Amino acid sequence: MYASGGGYPVEAAKRFTEESRDRLRAEIEEAGGNEVFALGYCDEDGLVAALEVAARGNETSVLALGRFQNTSRPPDVLIHNHPSAFLTPSDQDMVIASRAAEGGIGSFIVDNRVEKVYVIAEPTLRRKRKDLDPDRLCAALEAGGAVSRRLPSYEIRESQLDLMRLIIRGFNEDALVAAEAGTGVGKSFAYLLPALMFALANDERILLSTATITLQQQLFDKDIPLVVSALGKKIKVVLVKGRGNYLCRRRLEDAIREQSLYEEDDRDIRAILAWSEVTKTGSRSDLSFMPRDELWSRICSEADLCMGMRCPERERCFVLALRKEAADARVLVVNHHLLFADIAARQEGAGYDSTVVLPPYRRIIIDEAHKVEDAATSFFSKEFSRLGLYRQLGRLYRQRRGRPQGLLLRFPGLNPQELDNAAEAIEKTRNAVDALDQVGLDLCADEGVFRLCPPREDRILSVLLSPLMTLRKCLTALAGLLRALVEFAEDGEGETAGADDAGRNAVVWEVKAVLRRLETVGLICGAFIEYSERPQEVMWIEAHRSAASGDDRGTWAVFTVTPLEVAPILGTALFEPHKTVVCLSATLTVAGSPDSPSFAYWNSRSGITLAAGRELLTGQFPSPFPYARSTLLAAPVDAPLPDEGQYPAFVEKAVLELTELTGGSALILFTSYEALKNAYTAAAPVLEKQGIRCLKQGDDDRSRLLAAFLADQSSVLFGTDSFWEGVDAPGDTLRMVILCRLPFRTPRDPVFEARREALEKQGRNPFMELSLPEAVMKFKQGFGRLMRRSGDRGIVAVLDGRILRKRYGDFFIRSLPKTRTGFGEFSSVLRDIESFLYS
């Protein structure tokens, strides 16, 4: 709160325009002459020209609200009045002014008539924004332009130029932008040109965020260098990955010193040690081999394990070097997860003007924006499992081949009795999580998942509650023991004779990190126990199975807490505080009224319309590809519905006959792995005899499967969820995409189920507002795998009878570009395809 004092003022006319003085005077009068707290915005001459009253107080004080730090345009100056006319700042005034000054914000005190002003701190005047010239930038993409002449076979695309003009408006007007750009529009260049030019002209940092590593690398390695070359200007661009991608030298040395790795890891860790002395980045992707996840997690950089300035390896730290590079850059290329990590920390109090996970920024471009809700849901979820808890407990203490190992053996000053007590507490915690894990697996036995909800109250109370409470009790006891040890060591009372200070600090630091993680697991247990009192969260359990898990049981339960909705979080943390946020994707709309696509679904799920007082610009920019000439959308009217008994056999028969007709060159997409396996088993032996190679998701990692598919023009690739997007196979490599089923989310998805129920409770239609539009957007992604270049030609075949026999099927069809169609009995569809391909 501000408090009054007395002082030496200057003329208010030297700091305020006449209009702003009149406005402030009127506000003070309306408050009965009491104190008023206002945000001031300066004009080009440095005078306060606009005001926003944030709080009203009494005769001696007023709340100095901190919300101004998170607004899209921070104020230039904080203003309040002293009714006493004694304007000297109080101690509280000085504290608040000091905080504000760190962000370049000034602080003024005025009398009630706004005739005098005491300047505690002058504002740092903001540079006038230099707007972009749309005609000049568009010229770079027109014939003979700086960018177009660097691209072979470049064609002018009006939709690309229109998209760029919309993005330029977003920068020039400090607006939010949502744009759907069809395949082939060239959205990367449409946003890179304005982003780089704005960063150069205004000396501002721009953040580019993508959902996939593939697009990150394409932007950094290919597209951005081309645009920078075309501009003929120097601009520093840095690719930033999550810190888990980088080696931590201290943890590597610690792992070697502990000598507790499995024998099969010994050669790998020695190779990593040698690599660490020559690598410039320390990035896992630069290794010539792929270490096991368990090994890498033991030696990678992690935020809660970072010792910062205390680290003995800080001068050679890869993450610190990256941060220095990023602090100097005008453009940062990140992924959605890293973006959310940064905005979450800022929203929790770190503010928007300092370095947190990333250096400060005010403008963001989000590519692959259709993934924003899923990425945010994943980031803001919290989970634990038996295997994860085992790893943390094993870091503290474990027996290996009859020998004790772990951090506690090297903990400074730990006596044998304390070690025994800790080992006993760890064993109790292991037993408790074992019991809970078995209960979780039993609950998941029928469907693979189990969501905590009122209809299952009896099972929750009778089966789940007790082991949850037992584990939380064990974790609380272990955490209390560890906390006492850490506090004792940090007070310098432990016996440290003969211990190296750096090593001692590292062990204590690692134990503190394990302690925080154990406390987080305890909080998750608490959320499960109190699930009925937390309606804005979804508590669910999922069974995981893996023969290669390294776990004797090969199966374990994962306990997850997920926010019911992420739109409010994104509205206040992402869209509201930043001056410009541009969101782009090939799939942001679904069919609205005829010939009028709607952003309503994506807008509501992303939270972009929840940003108070923000202008939202939207635009749909159709693909320039000749779909009406080059694409056949085929669907048999006699296809069974998925819930009919003959549907699986129909799909297996249709997949075989369609791929035989095209001679391979097909991507076959499913919504379940079981259906994929059945269709593959039926088709592969026949197709292989015809020289058509069949590739199946699960037989190799995704990147190698795609490489094999691209290398063999006649091959067929069977894929599920992740292959509905991100597959780029131009030319004759892909002449047919088969969508076996409309991609509705499974009703067993616990988070989706909870979101549907929440809409029902509000009296809304969850099918029309959630299930259908989400499925349509994914359907568009699958359809988009076919045409990747303007010269491509092929068929999209849909084997789900609902697309023609259900009223809502029209939503799917109308959400696609106009194509040729082949709707008839399956035999007729085969003839249509044959005619389309070979006539």
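# Reading cores, helix contacts and backbone angles

Me: Which residues have the most contacts inside the largest nonpolar core, and how many residues does that core have?

Reply: The largest nonpolar core has 79 residues, and Val240, Leu339, Phe340, Ile366, Leu574, Phe575 and Phe812 have the most contacts inside it. A nonpolar core is a set of buried Ala, Val, Leu, Ile, Met, Phe, Trp, Tyr and Cys residues joined through side-chain atoms within 4.5 Å. Buried means under 20% relative accessible area, exposed over 50%, and partly exposed in between (1.4 Å probe, protein chains only). Helix α24 (residues 766–783) gives the largest share of this core, seven residues. Please keep in mind that this is a predicted model: local features need pLDDT of at least 70 and side-chain atom pairs count only at pLDDT 80 or more, while totals for chains, interfaces and linings use all residues. Residues are numbered from 1 along each chain as its sequence is written, and side-chain values use heavy atoms, with hydrogens and water left out.

Me: What is Phe575 in contact with, leaving aside its neighbours within four places in sequence?

Reply: Contact means heavy atoms within 4.5 Å. By that rule, and without those neighbours, Phe575 meets Leu176, Leu570, Val581, Cys583, Ser606, Gly607, Ile608, Ala611 and Arg614. There is also a second, separate core of 54 residues, with Ala432, Cys444, Ala489 and Val514 among them.

Me: Gly607 is in that list. Where is Gly607 placed, and why does it count as buried?

Reply: Gly607 sits in the loop between α18 (600–606) and β23 (616–621). Such labels come from DSSP runs, numbered from the N terminus: helices are H or I with at least four residues, strands E with at least two. Gly607 counts as buried because its relative accessibility is 0%. Not counting residues up to four places away in sequence, Gly607 touches Ala567, Gly571 and Phe575. Glu373 is 234 residues from Gly607 along the chain, yet their C-alpha atoms are separated by 8.9 Å.

Me: On to helix pairs. At what angle do α4 and α5 pack?

Reply: Axes are lines fitted to C-alpha atoms, for helices over the stretch in contact, and angles run from 0 to 180 degrees between N-to-C directions. Here α4 (residues 158–172) and α5 (residues 187–202) pack at about 35°, with axes 9 Å apart. From α4, the contact is made by Gln160, Leu163, Met164, Ile167, Ile168 and Phe171; from α5, the residues include Phe189, Leu193 and Phe198. An α-helix has 3.6 residues a turn, so residues three or four places apart point the same way.

Me: What span should α4 have, and how many of its residues are buried?

Reply: The expected span of a helix is 1.5 Å times one less than its number of residues. For the 15 residues of α4 this should be 21 Å, and the end C-alpha atoms are 21 Å apart, which agrees. α4 is mostly covered, with 11 of its 15 residues buried, including Leu161, Leu166 and Gly170.

Me: Which phi does Asp174 take just after α4?

Reply: Asp174 has a positive phi of about 50° although it is not a glycine. Asp174 belongs to the loop between α4 and β9 (176–181) and, at 27% relative accessibility, counts as partly exposed. Another non-glycine, Val114, has a positive phi of about 55°. Val114 lies in the loop between β7 (106–110) and β8 (116–121), and is buried, with a relative accessible area of 0%.
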